[in-house]
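Student: I have a structure in front of me and would like to understand the words people use for it. Could we go through some of them together?

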Amino acid sequence: MTDASASVSSTEPLDAMVELLAGLDTDGGEGGRAFYDRLCEAMCRLTSMERAGLLLYEEARRIVVPAGSHGFDTELVGGVHGTLEETPIAQRAFAEDRVVETAGDLAGQVPARYAELPGITSLTCTPVSAGGRWLGVIFADRGGPEFTLTERERHTMWTLGKTAALAASARIAATQHERARLLSERVDLAREVHERVMQRLFGVSLVLGAETELGPEQRRRAADEIQAAVADLRHALARPVAPPRTDIGATLRQELERLGSSYKGPPLTVEWDPAVEVPQELEQLSQSVLAEALRNAHKHADPTRVDVRVGAQDGTFVLEVVNDGVDHSLRGRGAGMGLRLAALDALQTGGVVDFGPTGDSDNDWRVRLVVPLGADDR
Ligand SMILES: Nc1ncnc2c1ncn2[C@@H]1O[C@H](COP(=O)(O)OP(=O)(O)OP(=O)(O)O)[C@@H](O)[C@H]1O
Ligand SMILES: [Mg+2]
């Protein structure tokens, strides 16, 4: 091979990177699935790999979940999940920042539940990491037979891993930005409600609380003020403040099943009242409350157990997440926004989120979502 031909083809991965990134804007939606699918397809086109699946780390659930694939049965890929701890091959790829191949038996290199899958013998693992931050992995193979990668293939795959990392970190930054924007919108909403509605109601309460009998004129004015307060409230709440949900397509039940088998953390118990189903319109809300509760359990406590309860009480839907391991001496002043945002979200469906120590034990903390069932029909 001449130097000229080497340098021509060595730009291939770069070309692919540029091409992929150029299409990033238009891919949009679905958490970038189309983009990651194309990236997997590019990996198969530019190397001898025939199938590739890309998994990205999700902070809230603390596991990697599928983000895109090519050549694999989508249903098979859809259910894959795992943690870095149970995947030594990914640890190695990340620590050495290079594409690694499995050697011999898959057991002990990938989670036990995948080591036995038929048709997977040799497997490559490409790190999706940037700046020392592990964001995920790409698994690829030749659809069964054993193989050895060439240096060039390794380089191409590594470059595509970096491309995925670039896109994933851009998305994370965009989500944080979006969160900040939503927060300021909601603060505006809270201010509007406070300034207009509360002022009116306060005026009315003063009139009603006065010792003297109300004359017809005062009565009429109080009624008008209440009408106006209700109208203001309607107006304020009609504004689109609900967050753009990151629809992960799963239901709360599937989500809990998935967490049950692979949750990286203390034992997670689920107590689900068999008579209760999550109403469709509460799926996203309950999943986001669950995610925030789990995130908080790890951030603010050192839990040895997390209990999730789904049930119904007096015509309301109830989701409760309790963790132990709260060290009160370490408790901050609670300046965060996660639970407050969840509470505002719940308000949109007439629900509430309450949280705090359970009272049963000093070291337990509870987050509870309560939403009237059928609230939308009222
Ligand atoms: N599981 C928990 N155990 C102990 N304390 C908690 C727990 N969850 C929340 N808290 C307390 O409640 C406060 C508010 O939680 P919230 O989720 O609103 O904010 P945050 O987690 O501090 O920040 P953010 O969610 O904005 O990243 C926390 O700062 C913490 O003091
Ligand atoms: Mg939080």
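Student: Which strands does helix 12 lie across, and at what angle does it run to strand 9?

Tutor: Gladly! Keep in mind that this is a predicted model. Helix 12, residues 338-347, lies across strand 9 and strand 10, and runs at about 150° to strand 9. Helix 11 lies across strand 6, strand 7, strand 8, strand 9 and strand 10, running at about 15° to strand 8.

Student: What makes strand 6 and strand 9 edge strands?

Tutor: Look at the strand order of their sheet, which is 6-7-8-10-9. Strand 6 (268-272) and strand 9 (352-357) each pair on one side only, and these are the edge strands. The sheet is open, has 5 strands and shows mixed pairing. On average, neighbouring strands in this sheet are turned by 15° against each other, direction ignored.

Student: How do you know that strand 7 and strand 8 pair?

Tutor: Pairing asks for at least two bridges between two strands. Strand 7 (residues 306-313) and strand 8 (residues 316-323) are joined by 8 bridges, so they pair. The two strands run antiparallel, and Arg309 stands opposite Glu320 in strand 8.

Student: Why is Glu320 called buried?

Tutor: Buried means under 20% relative accessible area. Glu320 has 12%, so it counts as buried. Not counting residues up to four places away in sequence, Glu320 touches Asp307, Val308, Arg309, Arg366, Val367 and Arg368.

Student: And why is Asn323 called buried?

Tutor: The reasoning uses that cut-off again: Asn323 has a relative accessible area of 5%, so it is buried. Asn323 also has its place in strand 8. Leaving aside its neighbours within four places in sequence, its contacts include Ala297, Pro303, Asn363 and Trp365.

Student: What makes Glu292 and Asn296 donors of the magnesium ion (ligand 2)?

Tutor: A donor here is an N, O or S atom within 2.8 Å of the metal. Glu292 (OE) and Asn296 (OD1) lie 2.0 to 2.1 Å from the ion, so they qualify. Glu292 and Asn296 are both in helix 11 (residues 283-300), 4 residues apart, which is about one turn of the helix. Both of them are buried.

Student: Why is the pair of Phe35 and Tyr36 called edge-to-face?

Tutor: Two values settle that. Ring centres must lie within 6.5 Å to pair, and planes over 60 degrees apart count as edge-to-face. The ring centres of Phe35 and Tyr36 are 5.2 Å apart and the planes stand at 75°, so this pair is edge-to-face. Phe35 is buried at 0% relative accessibility, and Tyr36 is buried with a relative accessible area of 0%.

Student: Then why is the pair of Tyr57 and Trp134 called tilted?

Tutor: Their ring centres are 5.8 Å apart and their planes at 50°, so the pair is tilted. That angle falls between the cut-offs of 30 degrees for stacked and 60 for edge-to-face. Tyr57 lies in strand 1 and Trp134 in strand 5, so the pair ties together parts that are 77 residues apart in sequence. Tyr57, Phe94 and Trp134 form one aromatic cluster.

Student: How do you know that Tyr57 is partly exposed?

Tutor: Partly exposed covers what lies between the 20% and 50% cut-offs. Tyr57 has a relative accessible area of 31%, so partly exposed is the right term. Trp134, with 13%, is buried.

Methods. Residues are numbered from 1 along each chain as its sequence is written. Chains are lettered from A and ligands numbered from 1 in the order in which they are written. This is a predicted model: local features need pLDDT of at least 70, side-chain atom pairs count only at pLDDT 80 or more; totals for chains, interfaces and linings use all residues. Side-chain values use heavy atoms; hydrogens and water are left out. Donors are N, O and S atoms within 2.8 Å of the metal (3.2 Å for Na, K and Ca); water is not among the atoms, so sites may look incomplete. Buried means under 20% relative accessible area, exposed over 50%, partly exposed in between (1.4 Å probe, protein chains only). Axes are lines fitted to C-alpha atoms, for helices over the stretch in contact, and angles run from 0 to 180 degrees between N-to-C directions. Contact means heavy atoms within 4.5 Å. Rings of Phe, Tyr and Trp (its six-membered ring) pair if their centres lie within 6.5 Å; planes under 30 degrees apart count as stacked, over 60 as edge-to-face and the rest as tilted.
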